[in-house]
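Student: I have a model open and would like to understand the terms used to describe it. Could we go through them together?

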Amino acid sequence: AFLEEYTVHVPDVLQSPELTATAPGVRSVLVFPVQAAEGPVGVFSLGSVQPDGFTTDHVDMGGMVVDQMTYMLENFRLVRQLSASRDAVIRGMAIMAESRCADIGGHLDRISALSRLLAGRLRGRPHETGRVDDQYVEMIERAAILHDLGKVGIPDSVLLKPGRLTEDEFVVM
């Protein structure tokens, strides 16, 4: 079923000498391939101690269950892919902002790591109320990368000016 990518139904394993039951006493086997966009990823296997233990209804129902599993797997893959794309866009925007100031190399990575460390230390604190979990810590880490994004719209004459800013420049900043 895995290699051929189709459902295998063996009504009686004892009538097929080339096959071996997957567990003692199993007589009838029903195996569905579980597909992903990249190809087969596993099988959903059912065994019955009765010969001819699976009816057409069982085959149909099993096929529907495996189809739902396949949709779930594909959704998980797409969500992971979208998350990776989102993170790449966020990082790209942040690097664009950081590139405006050559003297702060590594600043994004330091702020991101520090934010992750601080958010992680909030976990389990008395007033934290269970909101700080791994997902929250990762969100803080991602958000921290964007802290200087507003610099993209600041003119170089203000952003890169050495010394104190004038009142007008401070308003722009």
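Tutor: Gladly! Seven nonpolar, two polar and no charged residues line the largest pocket. Here Ala, Val, Leu, Ile, Met, Phe, Trp, Tyr, Cys and Pro count as nonpolar, Asp, Glu, Lys and Arg as charged, and the others, Gly among them, as polar. A word on the source: this is a predicted model, where local features need pLDDT of at least 70, side-chain atom pairs count only at pLDDT 80 or more, and totals for chains, interfaces and linings use all residues. Residues are numbered from 1 along each chain as its sequence is written, and side-chain values use heavy atoms, with hydrogens and water left out.

Student: Which residues line the largest pocket?

Tutor: The lining consists of Val8, Val10, Val13, Leu19, Thr20, Ala21, Thr22, Val29 and Val31. A pocket is an open set of points on a 1 Å grid over the protein atoms alone, where a 1.4 Å probe fits, with protein on both sides within 12 Å along at least five of seven lines; lining residues have an atom within 4 Å of a point. Two or more lining residues come from each of β1 (8–10) and β2 (28–36). Strands are DSSP runs of E with at least two residues, helices are runs of H or I with at least four, and both are numbered from the N terminus.

Student: What makes β1 and β2 a pair?

Tutor: Two strands pair if DSSP finds at least two bridges between them. β1 and β2 have three bridges, in the antiparallel sense, so they meet that definition. Valine 8 stands opposite valine 31 in β2.

Student: Why are β1 and β3 called edge strands?

Tutor: The open sheet has three strands in the order β1-β2-β3. β1 and β3 (39–48) each pair on one side only. β2 and β3 pair in the antiparallel sense over nine bridges, and a hairpin of two residues joins them.

Student: Why is α1 called oblique to α2?

Tutor: The axes of α1 (residues 56–98) and α2 (residues 107–122) come within 10 Å and cross at roughly 125°. Axes are lines fitted to C-alpha atoms, for helices over the stretch in contact, and angles run from 0 to 180 degrees between N-to-C directions. Under 35 degrees counts as roughly parallel, over 145 as roughly antiparallel, 65 to 115 as roughly perpendicular and the rest as oblique. The crossing angle therefore makes α1 oblique to α2.

Student: Which residues of α1 and α2 meet?

Tutor: Arg91, Ala94, Ile95 and Glu98 in α1 meet His107, Leu108 and Asp109 in α2, where contact means heavy atoms within 4.5 Å.
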